[in-house]
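Dear colleague,

I am handing over the structure below for your attention. Please look at it first; the findings follow beneath it.

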Amino acid sequence: MKDIIAFENVCKIYNKKFYALNNVNLKIGEGMFGLLGPNGAGKSTLMKSLITLIIPDKGRVMVDGYDTRTHSLEVRDIVGYLPQDFSIYPNLTALEFLDYMGQINNIGSRKTRNRKIEEVLNKVNLWEARNKKVGGFSGGMKRRLGIANAILKDPKILIVDEPTAGLDPEERVRFRMLLVELSKQKCIILSTHIVEDISSSCERIGLLNKGSIEYLGSPIDFILKAKGKVREFKVLSDEEILKLKDKYEVISVKRTSSGKFLRVVGEDFQEEGYGIDMEPNLEDAYMYFMKYGKGEKNYV
Ligand code: ADP
């Protein structure tokens, strides 16, 4: 796999000692890469350093051979970005909005612009809604319009920051499918704190926590790290639940016709004489890393 993006020993420091990014080393190639991490982990800072909105205090970010510090214009040309807080002009129609964005981004002549706008609106399945005012769009439609805008200049790399926040379940699925489709031709980086967003779509994932990469690899290997660390207990009383909550990280409480079950992750279950070892899933592995990972500190 050819690497398109490389973060090399990247640090971003706020107030002299807070490391929002702490020596990040990360290479990303074609396809879909999922950047997972809790709120405040540094995901947006990492994404912003990729699109040259932030320049690292230490280290460098290389995008398709260009250093973001010295070649920001070239980098911006090959990167499309859908920010968390993508704003629209509610009184414009989808066509008017993209035409306006196309003009300020110098997409080309009116004829070229029209062709590209039709192409991207078809890709994101909004061609039918092209003459509707975007103020009336649903959350999912607005996000898809954001993608249409981000791919208007046909960038090699597409970055989407927390794309499914605020979407209903059906819109989420639809949006993820759109990204999978686009990732056949582009390098896509999907940044999210929602495990489900990356579970079915990303070939590679990175877990960012407190500014450090704690895991890098396939989702399957990530899941395997939690093997033997997940257990389900049949619980009879509230005291028993509290006792287990004290020792382990609770994933879920399930009520079935045969009783109440507590699913937990833990480092060691030696003390417990009962409980069933469970096959871990991505959510378990994420919780396991959050609780028992290296847990580097932001302050150095
Ligand atoms: P995420 O996108 O994973 O939620 P961010 O990259 O937004 O995380 O933020 C990472 C950390 O850096 C947070 O603790 C945040 O408060 C801090 N941070 C972000 N921007 C600034 C800034 N301009 N000044 C000071 N601290 C900041």
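In this predicted model, an oxygen atom of the ligand lies 2.8 Å from a polar backbone atom of serine 44. Two further backbone positions take part in the same way: a polar backbone atom of lysine 43 is 2.9 Å from a ligand oxygen, and for glycine 40 a backbone N or O atom is found at 2.7 Å from an oxygen atom of the ligand. On its own the ligand has 560 Å² of accessible area, and the protein covers 59% of it.

The surroundings of the ligand can be described residue by residue. The shell consists of Tyr14, Phe18, Ala20, Pro38, Asn39, Gly40, Ala41, Gly42, Lys43, Ser44 and Thr45. Sorted by class, these are five nonpolar, five polar and one charged residues. Which elements supply at least two residues each to the shell? They are β2 (18–29) and α1 (43–50). The largest share, three residues, is contributed by α1.

A second region to examine is helix α5, which runs over residues 139–150. Its twelve residues reach 17 Å from the first C-alpha to the last, close to the 16 Å expected at 1.5 Å a residue. Is α5 mostly covered or mostly uncovered? It is mostly covered, with nine of its twelve residues buried. The buried residues of α5 are Gly140, Arg143, Arg144, Leu145, Gly146, Ile147, Ala148, Asn149 and Ala150. They pack against two strands, β6 (79–82) and β7 (157–161), and against the helices α3 (94–104), α4 (110–123) and α6 (169–182).

Two loop residues adjoin this part of the description. Threonine 164 is located in the loop between β7 and α6. Why does threonine 164 count as buried? Its relative accessibility is 1%, and buried means under 20%. Leaving aside residues up to four places away in sequence, threonine 164 touches Arg172, Phe175, Ile194 and Asp197.

Glycine 108 belongs to the loop between α3 and α4. This residue counts as partly exposed because its relative accessibility is 35%, which falls between the limits of 20% for buried and 50% for exposed. Glycine 108 can also be placed relative to the ligand shell, of which alanine 20 is a member. The two residues are 88 positions apart in sequence, and their C-alpha atoms are 38 Å apart in space.

With kind regards

Technical notes
Residues numbered from 1 in each chain as written. Predicted model: local features only at pLDDT ≥ 70, side-chain atom pairs only at ≥ 80, totals over all residues. Heavy atoms only, no water. Near = heavy atom within 4 Å. Polar contact = N/O pair within 3.5 Å; in protein donor to acceptor, adjacent residues only side chain to side chain. Areas by Shrake-Rupley, 256 points an atom, 1.4 Å probe, with all protein chains shown as cover. Helix = DSSP H or I, 4+ residues; strand = E, 2+ residues; numbered from the N terminus. Nonpolar A, V, L, I, M, F, W, Y, C, P; charged D, E, K, R; others polar. Expected span 1.5 Å × (residues − 1). Buried < 20%, exposed > 50% of the residue type's maximum accessible area, 1.4 Å probe, protein only. Contact = heavy atoms within 4.5 Å.
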